[in-house]
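Let's take a walk through this structure together, from the whole chain down to single residues. Keep the view open beside the text and turn it as we go.

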Amino acid sequence: MTDIGAPRTGVAPGRETAVDDAVPAITFDRVGVSYGRGQKATRALIDFNLRVAVGETVALLGPSGSGKSTALNALAGFVRPTTGAVRLAGRDVTDLPPAKRGIGVVLQSYALFPHMRVADNVAFGLKSARVPRRELATRVGEALDMVGMSAYGKRLPRELSGGQQQRIAIARALAIRPRVLLLDEPLAALDAQLRQSMLTELQRLKEALPDTAMLYVTHDQSEALALADRIVVMNDARLMDVDTAENLWKRPPTSFTAAFLGGANLIPCTVGRVIGTAALVGVAHKTVSAEAPQPAVGRTDWAPGSKALLCIRPHAIRVVGLGDRDALRANVTAAVWRGAHTRLVLSVHGLPDQLIDVDVPGAVAFATGSEIGLRFPEPAGVLVQAPS
Ligand code: ADP
Ligand code: MG
């Protein structure tokens, strides 16, 4: 019996090979990178593990120097891992030269060839990938079309604005139809307004490329929140936390992530009664309610009497009059108008050695040194483990 009726599973139209959704598009397997040797060696990436699914967008978010670009470069083949392996669609590519990996890469500095016209810049990767000549024009046209730059093929890079140059760099990366697209701070060189419109463009591009896995390096949390299906928070050469943006925001697993994502206040507190995922905690001589998320594997529980941090975002705290008996009392140490809100920096009675940020809507004048009342929301915030 012949099986002519059998479905051709996994082969998408226009794809030369099957896409197996069960195999991650990107795998970092215990990757370590050190620059230099001996005493002077910098450990830029330590025991880094990550899997990115087919079509998934993951942001690497962290402060400058935390190892984000090093991770991206290890995958692109620009730096050699000192330990561990990188895999693309399950295939170990640790020893493969960059051009043979079939990855699209976009960097902060657009790195266009200044003497080549836009179309030739975009065609560059196609030529190294030995795409037949008769196909070049179509592929270049298709890539320029994706970034809305079809009319600019004959220009030189210097005849384009910064935002347009970055679009060409993206088109060049897309021309090879990569399964994996790496972007390293692609918007960092653009001014604020342009950054916003390019961010919208990237969102659209992501929708248009449902099979392409993206790794997006940024130090800007708003870019990560806008684009990523999951966010990896990096600090000091290590992966701190990885989860969806919503989970990291609502229930930060670490104090670092709580502070880095949204600038939360982390107020020392003492855990009291815990029922399920609700807790009563003592903070500044008062008892308030808090959310007590199920601790992750390997972490200690919220034991009554133990010290923890209460994570409260600046916009969630309300300023009230001093007549409010239940309110905490605080002194204004600084008040800065930021447009949509006024940021107050407060010293709260009963919380020595700690300043609290509070955002009050609109432009409100507060005299430095004046005393005000504060009300936390209900529950006041979410518990975060105090760093050991
Ligand atoms: P990020 O992209 O998060 O800003 P990087 O991955 O560029 O961080 O850098 C991580 C660490 O490695 C930093 O301490 C940086 O100074 C160091 N580093 C990066 N590139 C090199 C290099 N080529 N040689 C030596 N040290 C480097
Ligand atoms: Mg970097």
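Of the 388 residues in the chain, 44% are buried. Keep in mind that what you are looking at is a predicted model. Its C-alpha trace spans about 80 × 55 × 55 Å along the principal axes, and the chain is built from eight helices and 20 strands. If we take the contacts with a separation of 6 or more, 66% of them link residues 24 or more positions apart.

One stretch of the chain carries a label from a database. The UniProt record, an unreviewed entry, places the feature "domain: ABC transporter" at residues 26-261. In the model this span is 36% helix and 26% strand, and its end C-alpha atoms lie 25 Å apart.

Let's begin where that span begins, in strand β1, which covers residues 26-35. Arg30 has its place in this strand. Its phi is near 50°, a positive value in a residue other than glycine. Arg30 counts as exposed because its relative accessibility is 51%, and the cut-off for that word is over 50%. Farther along β1 we meet Tyr35, which counts as partly exposed because its relative accessibility is 35%. Leaving out residues up to four places away in sequence, Tyr35 touches Lys40, Ala41, Thr42, Ala44, Thr70 and Val79. For a sense of scale, the C-alpha atoms of Tyr35 and Val93 are separated by 20 Å, with these positions 58 residues apart along the chain counted as their distance apart.

Now look for helix α1, residues 68-76. Is this helix enclosed by the rest of the structure or open to the outside? Eight of its nine residues are buried, so α1 is largely enclosed. The buried ones are Lys68, Thr70, Ala71, Leu72, Asn73, Ala74, Leu75 and Ala76. Thr70, as we saw, is one of the residues touched by Tyr35. Ala71, also in α1, counts as buried because its relative accessibility is 0%. Beyond its neighbours up to four places away in sequence, Ala71 touches Phe28, Leu45, Phe48 and Leu60. Ala71 and Val31 are 40 residues apart in sequence, yet their C-alpha atoms are 8.2 Å apart in space. Just after α1 comes Gly77, with a positive phi of about 95°.

Next, let's go inside. In soluble globular proteins, nonpolar side chains tend to be buried together. The largest nonpolar core in this model has 34 residues, and the members that touch the most others are Val122, Leu144, Ile168, Ile170 and Leu202. Two or more residues each come from α2 (118-128), α3 (133-146), α4 (162-175), β7 (180-184), α5 (192-208) and β8 (213-218). Helix α4 gives the largest share, seven residues. To see how one member is surrounded, pick out Ile168: apart from neighbours within four places in sequence, it is in contact with Leu112, Val118, Val122, Leu144, Met149 and Leu160. There is also a second, separate core of 31 residues, which includes Val360, Phe366, Leu374 and Phe376.

Is any room left between the atoms, and where can we find it? Rolling a probe the size of a water molecule over the atoms shows where empty space is left. The structure holds one cavity of 30 Å³ or more, and the largest cavity has a volume of about 50 Å³. Its lining is formed by Met146, Val147, Arg167, Ile170, Met198, Glu201, Leu202, Arg204 and Leu205. Six of these residues are nonpolar, three are charged and none is polar. Helices α4 and α5 each supply at least two lining residues, with the largest share, five, coming from α5. Ile170 and Leu202, which line this cavity, also appeared among the core members that touch the most others.

Two loops round off the tour. Between β7 and α5 sits Glu185, which has a positive phi of about 45° although it is not a glycine. Glu185 counts as buried because its relative accessibility is 12%. In the loop between β19 (371-375) and β20 (382-384) you will find Pro379. The peptide bond leading to it from Glu378 is cis, with omega near -5°.

Methods. Residues are numbered from 1 along each chain as its sequence is written. Chains are lettered from A and ligands numbered from 1 in the order in which they are written. This is a predicted model: local features need pLDDT of at least 70, side-chain atom pairs count only at pLDDT 80 or more; totals for chains, interfaces and linings use all residues. Side-chain values use heavy atoms; hydrogens and water are left out. A nonpolar core is a set of buried Ala, Val, Leu, Ile, Met, Phe, Trp, Tyr and Cys residues joined through side-chain atoms within 4.5 Å. Buried means under 20% relative accessible area, exposed over 50%, partly exposed in between (1.4 Å probe, protein chains only). Helices (H or I, at least four residues) and strands (E, at least two) are DSSP runs, numbered from the N terminus. Contact means heavy atoms within 4.5 Å. UniProt positions are given in the numbering used here, feature names are shortened, and annotations may be inferred rather than shown by experiment. On a 1 Å grid over the protein atoms alone, a cavity is a set of points where a 1.4 Å probe fits but cannot get out, and a pocket is an open set with protein on both sides within 12 Å along at least five of seven lines; lining residues have an atom within 4 Å of a point. Grid points are joined across faces, edges and corners, and a volume is the space filled by probe spheres set on the points. Ala, Val, Leu, Ile, Met, Phe, Trp, Tyr, Cys and Pro count as nonpolar, Asp, Glu, Lys and Arg as charged, and the others, Gly among them, as polar.
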